[in-house]
Amino acid sequence: MQNDSEEVAMKEARRRERQAGIALSLYKWLENSDNVIGLCGWLLIGLSLLFTLLTLPISIWMCIKIVKEYERAIIFRLGRILRGGAKGPGLFFIVPCTDSFINVDMRTITFDIPPQEVLTKDSVTVSVDGVVYYRVQNATLAVANITNADAATRLLAQTTLRNVLGTKNLAEILSDREEIAHSMQSTLDDATDDWGIKVERVEIKDVKLPLQLQRAMAAEAEASREARAKVIAAEGEMKASRALKEASLVISESPSGLQLRYLQTLNTIAAEKNSTIIFPLPLEMMQAFVKH
């Protein structure tokens, strides 16, 4: 367990270093973006500001934008991401005609992995589906580095599920779901770091076996239960025979004990079947008839 925690901590540290490097390079690029706009760009921005001032107070409604608590806005000025990264939550201003923005939802998103036909390591075909929980951790990377982060994460989850299950036996898939889910989460989290995505949780929902395999496993389980039942019944008969043997030895030591046993049996029969009348005969009387 300690080795697993150390490995997770090392992976998290490497992931943070990689994200910090990407963010630093992006920040340096954003610092130089204002210088790359050029004279024409600054002229367009100036004309846009002049137009905004001339059309006040109507133009103010085009400049003021609001993003919700769970959203961030990525502002593009003349096609380049504005310095400072994502804006929000709350109120911010843009320059009409030259600025545009994209809202990014920062809440946790869930999606189902469609059932995947997987060939296991021991050549058994199973259908497995699951669910993935993820959120956007860096809105700037999610917009600048990938076209559609949601669709890419969904496709990557499907291929990761096939790849991970392809290295497992059927028994491991049925018993080690938590380990498989943890392995998928680590793989997805490492792959989506450059997209600004944080995979929070992965769960395996259902494992569907072929009908013939289900029947074979049911027959095997039934045979195993019947074998255990026969063993338990044999052990019970053996213990009962030993108890009867010990009881016969005790009764043989006292002749009157056998008579008491007769009376006890008669009492039991009379309580269950009142219409039945039994007259016990002493064994000595039967021995007298045998001698004659």
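This report describes a predicted model of a protein, moving from the whole chain to one strand, its neighbours and a pocket.

## The protein as a whole

The predicted model contains 10 helices and 8 strands. Of the 292 residues in the protein, 27% are buried, and the surface that the protein exposes comes to about 19,600 Å², with carbon and sulfur atoms supplying 59% of that area.

When contacts with a separation of 6 or more are considered, 69% of them are accounted for by residues 24 or more positions apart.

## Strand S7 and its partners

Strand S7 covers residues 125–136, and it is mostly covered, since 9 of its 12 residues are buried. Strand S6, made of residues 109–119, pairs with S7 in the antiparallel sense over 9 bridges, and within this pairing isoleucine 109 stands opposite tyrosine 134 in S7. The hairpin of S6 and S7 has 5 residues between the strands, and there serine 123 takes a positive phi near 60°.

S7 also pairs with strand S8, residues 197–208, again in the antiparallel sense, and here over 10 bridges. One place to look for this pairing is serine 127, whose bridge partner in S8 is lysine 208. When looking along such strands, it helps to remember that in a regular strand the side chains alternate between the two faces of the sheet.

## A buried aspartate before S8

Aspartate 193 is found in the loop between helix H7, residues 177–191, and S8. Is this loop residue buried or exposed? Aspartate 193 counts as buried because its relative accessibility is 0%, whereas the cut-off for a buried residue is under 20%.

Aspartate 193 and glutamine 137 are 56 residues apart along the chain, yet their C-alpha atoms are separated by 9.0 Å.

## The largest pocket

The largest pocket holds about 230 Å³ of space and is lined by 14 residues, among which Val104, Ala142, Asn148, Ala149 and Asp150 lie nearest its centre. By class, the lining has 10 nonpolar, 2 polar and 2 charged residues.

Which elements each supply at least two residues of this lining? They are strand S5 (99–105), strand S7 (125–136), helix H4 (139–144) and helix H5 (149–165), and the largest share, 3 residues, comes from S5. Strand S7 therefore appears twice in this account, as a strand with 9 of its 12 residues buried, where buried means under 20% relative accessible area, and as a contributor to the lining of the largest pocket.

Terms used:
Residues numbered from 1 in each chain as written. Predicted model: local features only at pLDDT ≥ 70, side-chain atom pairs only at ≥ 80, totals over all residues. Heavy atoms only, no water. 1 Å grid on protein atoms, 1.4 Å probe; cavity = no way out; pocket = protein on both sides within 12 Å on 5 of 7 lines; lining within 4 Å. Points joined across faces, edges and corners; volume = space filled by probe spheres on them. Helix = DSSP H or I, 4+ residues; strand = E, 2+ residues; numbered from the N terminus. Nonpolar A, V, L, I, M, F, W, Y, C, P; charged D, E, K, R; others polar. Buried < 20%, exposed > 50% of the residue type's maximum accessible area, 1.4 Å probe, protein only. Pairing = 2+ DSSP bridges. Contact = heavy atoms within 4.5 Å. Areas by Shrake-Rupley, 256 points an atom, 1.4 Å probe, with all protein chains shown as cover.
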